[in-house]
Amino acid sequence: MSKDLLFEIGLEEMPARFIRGAMEQLSERLVKWLDDSVITHGSVLSYASPRRLAVLIKGVAEKQEDVHEEVKGPSRKIALDENGEWSKAALGFARSQGATPDQFTFKDLGGTEYVYVSKSRTGVETASIVAEGLLGIMHAMNFPKNMRWGNHDFKFVRPIRWIVALFGSQIIELEITGVKSGNVTRGHRFLGQDTVISEPANYVEALRAEHVIVDVNERQKLIEEQIAALASEKDWNIAVKDDLLEEVLFLVETPTALYGKFEESFLNIPKEVLITSMREHQRYFPVLNNEGGLLPYFVTVRNGNAEHLDTISRGNEKVLRARLSDAKFFYEEDQKLQIKDALSKLESIVFHEELGTVGDKVRRIRRNAEKLSHLLGVESGVAEMISRTAEICKFDLVTQMVGEFPELQGVMGEDYARKAGEPETVAKAVFEHYQPRFAGDQVPASEIGSIVSIADKIDTITGCFSIGIIPTGSQDPYGLRRQAAGIVQIILEHKLSVSLNDIFKISLETHANFHGLKRTEEEIMRDLLEFFGLRVKRTLSDSLRYDVVEAVIAAGYDDVVSVVQRGDALMDAVTNQADFKATVESFGRVSNLAAKASAMKVRFDLLSDPAEQQLYDTWRSMTEDYRSKLTERHEAKALNLLGGLQSSITNFFDKVMVMADDEEIRTNRLALLAAIDEDLKAFADFGKLVWA
């Protein structure tokens, strides 16, 4: 026999960004408790709104299953001492299982006898234990931020106001922070009222009658349909961004989409400013025409029905008008600011107390960018643009617009730089140098933006490492992982001929000259290389097998472009070349014996066996070309050249005794293998490949 189980926690309004995670957490914890308690159940339905988290589980058994199990203990050898008495290990095992040694039996497992004890437990009524389980779940839940209220020590995301706990029609009696469970839930704050849930199966419809659409998917579908209907009716393109839709979804219980408008004169402000004002501050969806141009309208979703929408719309318009008026004022005031004056203001903004002001940072970025330009052989005209971009890349941080909308840094810098008469390439690169801003974002399209972006990001990373700020666990307040990944992305996208070591050295030297280093250069270099190694590994892991990643990483990742191309070439060979396994096995034989070599120089006069001579000749004929191919980043061709050694290697091992009695010959043969192995390891550690 089974019943449906309903558990609803009613709360003060929760932050929208916490709700989906809390809903999933409640569901997962309740299912785990049922499973751990050996209580069978059917499907699981999760619900949430700004004021409630709920789970409805179908077909929950009215009684735990009876459990019969055999628990394995220590082996007979350990369980009995030399006198045949039970050892401390056996007695301890008995105590842990609530048994006595006379209940032990022995069973053979894989040729060894082990102690076993049989246990049986009769299941109890679900109703007798479910209250304790629900209370335990509430105490175990965690959130990004918690609250305490009243005189209670208990912490939760928001104060609990009501609890519905039903097993069938039976109320599960429990109490927490003075709130007792019952079968009464609350409807929409203004449109609904309290209502009795007679059975869990009535939950969704009972709340619908009280103007609460508690099914998250249904609520989202309603919002999307209403917005789509508006777009169709007005011939608009409404920019529905997923993160904003998710937030709006958890701000409303009864969604009703409406639109409003604002004065066309505001369209003179950059589109990004208007969209940011609408999205970030008002949770409005911007409206575009079919060509992507911004229209003087917005769409919002109210938490209520369709009554008095005109009044609601006018209220929203009034609030947005105030926001846009502020933005217009900031924009016009910023036009009066000269770039040189903005740069001087950067001297008073502290970047980090141990790393100086933003003005200091800008000078370091410029120094790094100029050295990178030289290293990469950038044309002089472009190098001048890079230097100028680095010099002004942070000037918009002191503008009023960026002060009000920090997410517009770079966007306003580009606009203001262009208006100030800076070259178009410089203006564009001022925006680009922040890219990529997040995972999946675009990298700078221009060479100028790419180099300044690397110069900026490596300055932050090196500076933090130099004063001991290194991300651990989930702590990364300066976003150093994201910035390191950004550098790797830029190098790969533009196939820059620069090594990680060169970038580190440039930045370390700059920091040393500005403020000195609190840690040794060797320590910082080691940590930087390890830190970037993890970012490179993650990049490779997106498309390659783990063993291929391990193999090419082992050969070095200082040249990011090379390690990725070696990974691609090796992955292709592993996947598509039927005889590649045999090739790798021959490489393995070389590497195993090469480890015994005491010399690297091969003496031609000691090559006595024809097979030995053949291997030497084959290797000599390809090694120079092979090294050139690696240097020129033709990794696939380099791997093909290595593959050409296989038949000679196989013939060598078939016909030659490497560990010859004559010491000179033995040493020479090992030296030959070591020389070949050096070439192999320049590409990958093939021994890390795993074959099914």
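Me: The charged end of Lys 107 sits over the ring of which residue?
Reply: Bear in mind that this is a predicted model, where local features need pLDDT of at least 70, side-chain atom pairs count only at pLDDT 80 or more, and totals for chains, interfaces and linings use all residues. Residues are numbered from 1 along each chain as its sequence is written, and side-chain values use heavy atoms, with hydrogens and water left out. A charge sits over a ring if NZ of Lys or CZ of Arg is within 6 Å of the ring centre and within 35 degrees of the ring normal. For Lys 107, the charged end is 5.8 Å from the ring centre, and the ring belongs to Tyr 116.

Me: And over which ring does the charged end of Lys 361 sit?
Reply: Same kind of geometry test here. The charged end of Lys 361 is 4.9 Å from the centre of the ring, which is that of Phe 351.

Me: How is the protein chain divided, and how many Å separate the centres of domain 1 and domain 2?
Reply: The bounds come from an automatic or database domain assignment. That gives domain 1 (2-63 + 125-210), domain 2 (67-121), domain 3 (216-334), domain 4 (340-542) and domain 5 (578-688). Taken over C-alpha atoms, the centres of domain 1 and domain 2 are separated by 43 Å.

Me: Where does the largest nonpolar core lie?
Reply: A nonpolar core is a set of buried Ala, Val, Leu, Ile, Met, Phe, Trp, Tyr and Cys residues joined through side-chain atoms within 4.5 Å, where buried means under 20% relative accessible area, exposed over 50% and partly exposed in between (1.4 Å probe, protein chains only). The largest one has 90 residues, and Phe 532, Leu 570, Leu 642, Phe 683 and Phe 686 touch the most other members. Two domains give residues to this core, so it lies between domain 4 (340-542) and domain 5 (578-688).

Me: What does Phe 532 touch, residues up to four places away in sequence not counted?
Reply: Contact means heavy atoms within 4.5 Å. On that basis Phe 532 touches Ile 458, Ile 461, Ala 484, Ile 487, Val 488, Leu 500, Phe 504 and Tyr 557.

Me: Why is Cys 464 in no disulfide with Cys 393?
Reply: A disulfide is a pair of cysteine sulfur atoms within 2.5 Å, and by this rule the count comes to zero. Cys 393 is buried at 0% relative accessibility, and Cys 464 is buried too, at 1%. The closest cysteine sulfur to that of Cys 464 is in Cys 393, and this is too far for a bond because the distance is 16 Å.

Me: Is the pair of Phe 652 and Phe 653 stacked or edge-to-face?
Reply: Rings of Phe, Tyr and Trp (its six-membered ring) pair if their centres lie within 6.5 Å; planes under 30 degrees apart count as stacked, over 60 as edge-to-face and the rest as tilted. The structure holds 21 aromatic pairs. Phe 652 and Phe 653 are both buried. Their rings are 5.3 Å centre to centre with 80° between the planes, which makes the pair edge-to-face.

Me: Is Gln 193 buried or exposed?
Reply: Gln 193 lies in the loop between strand E11 (184-185) and strand E12 (195-196); strands (E, at least two residues) and helices (H or I, at least four) are DSSP runs, numbered from the N terminus. Its C-alpha atom is separated by 6.2 Å from that of Glu 210, 17 residues apart along the chain. With a relative accessible area of 55%, Gln 193 is exposed.
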